[in-house]
Amino acid sequence: MKFIEYLKESIFFIVAIIIQSTIIDLIKIKDIKPDLVLLLLIHYGVKKPQYYTTILGFFSGFIQDLIGGSFLGLFALAKTVSGFFINYFQRIGKFKEVHSYILVLILTCILHDIVFYFIYTFDTGLDFLDMILRYSIPKSIYTSGVGII
C-alpha cells in the first residue's frame, strides 16, 4: 500500500515538474509564473509528517535543479525550507480554517522566494529587495490564486 502511494506521489511531482518547465509558460503574466511544484508540496504538507514533506521538498527541488536550474541545489534548498515551514504550521494546527490555509500558502510562497532570491542575488549585483518586490510578491499572489482554485 505504501509503495503505491509513494509511486503515485512521485508521478504527480514528475508531472508537475514537467509542466512547470514546459507548458506553464503559456499562462505566465509579465514573466510571472505560478509554481506548481510548490503548490503540490503545500498540498502534501497538510497531510504528511514533517520529515516526509521536508524530504519531498528536497527531492522535488533537486529534480527541478537538474532539469533547468541555474544554480545546482538552489531549488532543492528553497523547497526543503518550504516543506519544513508548511509542516510546522500543520503541526500546530493552523490549517483548520480556509483563510489560515490561504495565508500559509502566500507566506510559504514568499519564504520560498526569499530563500531562492537571497542566494540567487548574492554577489551578482542584482538587488535582493527589488527581486522580492518585482517577482516574489506577484508570483506568490499568482501561485496562491492558482492554489485556491
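A salt bridge here is a side-chain nitrogen of Lys or Arg within 4 Å of a carboxyl oxygen of Asp or Glu. By that rule, the side chains of K139 and D113 form one, at 3.4 Å from N to O. This is a predicted model, where local features need pLDDT of at least 70, side-chain atom pairs count only at pLDDT 80 or more, and totals for chains, interfaces and linings use all residues. Residues are numbered from 1 along each chain as its sequence is written, and side-chain values use heavy atoms, with hydrogens and water left out.

**Helices α5 and α6**

- K139 sits in helix α6 and D113 in helix α5 (residues 98-121), so their salt bridge ties together parts 26 residues apart in sequence; helices are DSSP runs of H or I with at least four residues, numbered from the N terminus.
- Both K139 and D113 are buried, meaning under 20% relative accessible area, whereas exposed is over 50% and partly exposed is in between (1.4 Å probe, protein chains only).
- S136 also belongs to helix α6 (residues 128-148), and S136 is buried because its relative accessibility is 0%.
- Beyond its neighbours within four places in sequence, S136 is in contact with I110, D113, Y117 and M131, where contact means heavy atoms within 4.5 Å.

**Other salt bridges**

- The whole structure holds seven salt bridges.
- One of them pairs K48 with E5, with the closest N and O atoms 2.1 Å apart.
- K48 lies in the loop between α2 (36-47) and α3 (50-68), while E5 is in helix α1 (residues 2-21), 43 residues apart.
- K48 is buried at 14% relative accessibility, and E5 is partly exposed at 28%.

Note on methods
Helices (H or I, at least four residues) and strands (E, at least two) are DSSP runs, numbered from the N terminus.
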